[in-house]
Amino acid sequence: MIEILPGIFTWAFESVEKKIMFNGWYLATPGEPVLVDPPPCPEKDMEEIEQRGIPKAILLTNKDHVRASQEIAAQFRAPILIHQADAPLVAGRIGGVFKHGDDLPGGIHAIRLPDGKSPGECAFLLRRANAVILGDALIGKPAGQLNLLPPEKFADAVKAREGIRVLLKYSFDGVLVGDGESIPRGGRRAIEDFLARAN
C-alpha cells in the first residue's frame, strides 16, 4: 500500500477486462480504521492492514464495488455498509445501510449523488483529509482528468453529469477515485473542469 494523503493508504488491482486500475482504500482513522471499495488485496497488503489496525467496517460507494469485500469482511469480521438504495441489489451479506448525510465510521460523511450508475451511488467526504472518495461517479482517466464512464452505463448520462454538481456544495481539495488515477491535490478543480467541458 502507499500513503496517498496523510492517514489514507491505497492499493490497486489491474482489471484486464476494463483496462483500468481498481483502487481500494484503507483509512487509518484513530480507533475506527475502515476500508472503502476493496478490490482483491495482495497478502503483503493484508498483513500491512492488520499491522495498522483491523478495519471496523467496509464501506461501499455503490453496488458494483463489492469487489473483494465479502472475503475481506470474513477475514476481519468487519460489517459491509452500503447506501440503502443499493443494498437490495447486492448479492451476499450486508452488515448495515446508510443514507445521504449520515456520518459513518472513520469520520466519513456520506453524500448520495443523484442519477448515478446505481440508485445509491455515493461519495465519501473525508473532512480530516480535505478529500472525497468517488466510486463510479467519475473515473480518473486519462491521468490528471476526471470523466464519466461510457454513456451506456447510465439511464441518463446528462443527468448523471449534473448530479456531480452536488459535490461542489462541500469543501475538499483531493479526489480519490475507485477506477483510474486519483488527484490528491487539485481534485476539486478537476471536477470543475469536467463540468465545464461537459457543457
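This passage looks at the salt bridges and one open sheet of a predicted model. Residues are numbered from 1 along each chain as its sequence is written. As the model is predicted, local features need pLDDT of at least 70, side-chain atom pairs count only at pLDDT 80 or more, and totals for chains, interfaces and linings use all residues; side-chain values rest on heavy atoms, with hydrogens and water left out.

Turning to charge pairs, the structure holds twelve salt bridges (a side-chain nitrogen of Lys or Arg within 4 Å of a carboxyl oxygen of Asp or Glu). One of them joins Lys117 to Asp64, at 2.5 Å from N to O. Lys117 sits in the loop between strands E9 (108-112) and E10 (122-126), and Asp64 in the loop between strand E5 (57-59) and helix H2 (69-76), so the pair ties together parts 53 residues apart in sequence (helices, H or I of at least four residues, and strands, E of at least two, are DSSP runs numbered from the N terminus). Lys117 and Asp64 also belong to a salt-bridge network with Lys63 and Asp136.

Asp45 pairs with Lys44, with 3.4 Å between the closest N and O atoms. Asp45 is buried at 4% relative accessibility, whereas Lys44 is exposed at 57% (buried is under 20% relative accessible area, exposed over 50%, partly exposed in between; 1.4 Å probe, protein chains only).

As for the sheet, five strands line up as E8-E9-E10-E11-E12, open and with mixed pairing (two strands pair if DSSP finds at least two bridges between them). E8 (103-104) and E12 (174-177) are the edge strands, each with a single partner, so one side of each lacks a neighbour in the sheet. E11 (residues 131-134) runs parallel to E12 over four bridges, with Val132 bridged to Val175 in E12.
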